[in-house]
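Here is a short, friendly tour to read alongside the sequence and the coordinates. Please keep the viewer open as you go.

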Amino acid sequence: MWGTSIRIVVAHSTPKGLRFWCISLFRKIINASHFKSRKPVRRTSTMPPSRGVPARLKGALFHITTPIFYPNARPHLGHLYSSLLCDVTKRWRAMQGYNTLFTTGTDEHGLKIQNASEKNGYSNPKQFVDVLYREFVKLDQMANISYTRFIRTTDYDHVRAVRELWNRCWESGYIYKGEHEGWYSISDECFYPESKVVQLQGDGQELPFGSPEIRKDGKFINTETRNGVVYHSETNYFFKLSSFQNRLLTFLEKENPHFISPPSRRDQIINELRGSKLRDLSISRPSSRIKWGIDVPQDPSQKIYVWFDALCNYLTSVGGLQAVLDNSPAAVKHTITSQLKMPRNWWVNTTHIIGKDIAKFHAIYWPCFLMAAGIPLPKQIIVHGHWLSGGVKMSKSVGNVVDPLDMILHYECDPVRWYLLENSHIEADGDFREERLHATREQIVSKWGNLLNRCCSNKFNIPRAVETFASQAANPENNAATLIGTEAQESYRELIQLLQTLPELFSSHMRQLETRSALKLLWDVIGKANAFVQTSTPWLKSGEEQDLIIFTAIEVVRITSILAQPIMPTLSNALLDRIGVDTENRDLSRTRLGADTLYGKGSNDKGREVPIKKVNFRGTT
Ligand SMILES: Nc1ncnc2c1ncn2[C@@H]1O[C@H](COP(=O)(O)OP(=O)(O)OP(=O)(O)O)[C@@H](O)[C@H]1O
């Protein structure tokens, strides 16, 4: 205040050159006296955050969905990855001020489940899925996946929603009965055109369909998923997919070019739509062949195709088709959906995260079903790559799976989450390596934990350092002079620069789901902070110089831990607990340097430990 009034007097009463000279002189005097005579003043409340949640985000709606998974065997690392991307996005959006909804679940009907149930000795597939869906719920619990609803396609309200969708498409004339023959994959539960079928020879050679050497009794596979196919003919109901080719292309190319992300996946779908004509899609199967499914409303001799059933789960999750059309709460009572006052508003703010294996179903079939039913489309589909094992997609059917529960039990949930997000890229496939997971945990302990440990030594006083320097944080250049030696000052300046840009850059990577780049930013600043502590040797310093070093380093722990909450919810909060950050002060508005002026109490007490320890590498990959 004193400084401000002097500056105002000087600014208004002197010529320009003299005025600047006076200002800088006064600044120097003020800073010098400030450093000499400053005594910590205990404040009664924390400083107001500098940047709150932008008004446009407060209360905005964000609904995110995983694919629903087949409970034909226990879940593997690939399933966890899809769920994790959703969980992290949901947590991040919640931190930004959105109202969020997150649904996941299991796809419990169809031939694949029927066959697996029989193979496992169950007479009723429902009993089989009742056992296996729990494995998916258990994994979500163990991995801290914070869904708001776990949908099972055998849930009453879902069955009702599927019938609603079918009836609406039927009434609008987009479903008709016909004869279907072609190459069918039991594993993929779909037909493939001849152009995508080859015959496998004994020597591994593949003969395209139509080659003279092809034998009728040979083994045929499709070239998309490489699963076996058989020639099959039956009466089915068809969906008039062909009617939507142009509408869908216009939507994807002109009206909503960001509907499919990343752009490379959008281009693939557009090329597919441009390159070949959409054929009408068989959306039922004879009940004689498939017993385990939802009856076609007008014809119980047919069961609804499992994809028509499964995709509809996304509508169930906001209350079903009618609730979306009426934009009023679902008639069927469910703890979540009946609470949604305006289901359509949630629906149009829905993002589907899916693996690339099911892009066609989500980016072509699903929008067409919705268009046929007169329902607006969701906001976005984000397509991610696969985790491989032995060079091919990790898959339940192939059996080349990594058990995520096993990894979580040994390495704990947060390091596994961090590892998966750091070692993957939305557009590329990832290769699981247990030694890298182990190294990730080591790095958290030796870099993050070490920085915390150093600052929490009983030689230092974090609360005093925070009280002294938090209010000065807006003026880091003034503080640099407190440090002795150009090396320490340079290191300080670099660190401050990184910290100042961190929240914005981190946010921009998270918006694009570039988790690897987001996490790299955290490592960069933590690495820089460790180097700064090493260079400035606070254990050899005292008074304000020591406090400034400790304040700056512990700010790195505080800010990175706040930002890391969506990635490692438990550990980041344990780190914040360890340095006494109030639970009210862990939002994004506190990620500015000095945005929390009251923390650190008890942090330097003897005997308190870092909340993560090393574990051994088990040597199995
Ligand atoms: N290897 C993987 N990498 C990444 N995600 C995967 C992987 N496997 C499955 N998923 C996720 O699960 C979805 C498919 O679920 P599904 O239950 O069909 O898995 P699956 O292991 O491929 O099953 P199956 O082998 O029985 O067909 C994918 O779209 C993706 O979201």
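The notes below go from the overall fold to the ligand site and then to two individual residues.

## Overall picture

Please bear in mind that this is a predicted model. The protein has 621 residues, and 54% of them count as buried. Its secondary structure comprises 22 helices and 19 strands. If you align the view with the principal axes, the C-alpha atoms fill a box of roughly 90 × 55 × 45 Å.

## Where the ligand sits

A good place to begin is the ligand, since the space it takes is the largest pocket. A shell of 21 residues surrounds the ligand, and the closest are Ser82, Lys393, Ser395, Lys396 and Ser397. Sorted by class, this shell holds 11 polar, 6 nonpolar and 4 charged residues.

Which elements are worth colouring here? Strand S1, spanning 61–69, and helix H3, spanning 77–96, each give the shell at least two residues. Helix H3 makes the largest contribution, with 3 residues.

## Polar contacts to the ligand

Three short distances are worth displaying in your viewer. On the side-chain part of the list, an N or O atom of His76 lies 2.8 Å from an oxygen atom of the ligand. Asp357 also takes part, with a polar side-chain atom 2.9 Å from a ligand oxygen. Trp387 uses its backbone instead: one of its backbone N or O atoms is 2.8 Å from a nitrogen atom of the ligand.

How much of the ligand's accessible area does the protein cover? On its own the ligand has 590 Å² of accessible area, and the protein covers 94% of that.

## Glu545 in helix H21

Next, have a look at Glu545, which belongs to helix H21, residues 543–563. Is Glu545 buried or exposed? Its relative accessible area is 9%, so Glu545 is buried, the cut-off being under 20%. The side chain of Glu545 also has a partner: a polar contact of 3.3 Å joins it to the side chain of Lys541.

## Ile579 after helix H22

The last stop is Ile579, in the segment that follows helix H22 (569–578). Ile579 has a relative accessible area of 0%, and therefore counts as buried.

Try drawing a line from Ile579 to Arg558 as well. The two residues are 21 apart in sequence, while their C-alpha atoms are 7.9 Å apart in space.

Key
Residues numbered from 1 in each chain as written. Predicted model: local features only at pLDDT ≥ 70, side-chain atom pairs only at ≥ 80, totals over all residues. Heavy atoms only, no water. Near = heavy atom within 4 Å. Polar contact = N/O pair within 3.5 Å; in protein donor to acceptor, adjacent residues only side chain to side chain. Areas by Shrake-Rupley, 256 points an atom, 1.4 Å probe, with all protein chains shown as cover. 1 Å grid on protein atoms, 1.4 Å probe; cavity = no way out; pocket = protein on both sides within 12 Å on 5 of 7 lines; lining within 4 Å. Sits in = over half its atoms within 2 Å of the grid points. Helix = DSSP H or I, 4+ residues; strand = E, 2+ residues; numbered from the N terminus. Nonpolar A, V, L, I, M, F, W, Y, C, P; charged D, E, K, R; others polar. Buried < 20%, exposed > 50% of the residue type's maximum accessible area, 1.4 Å probe, protein only.
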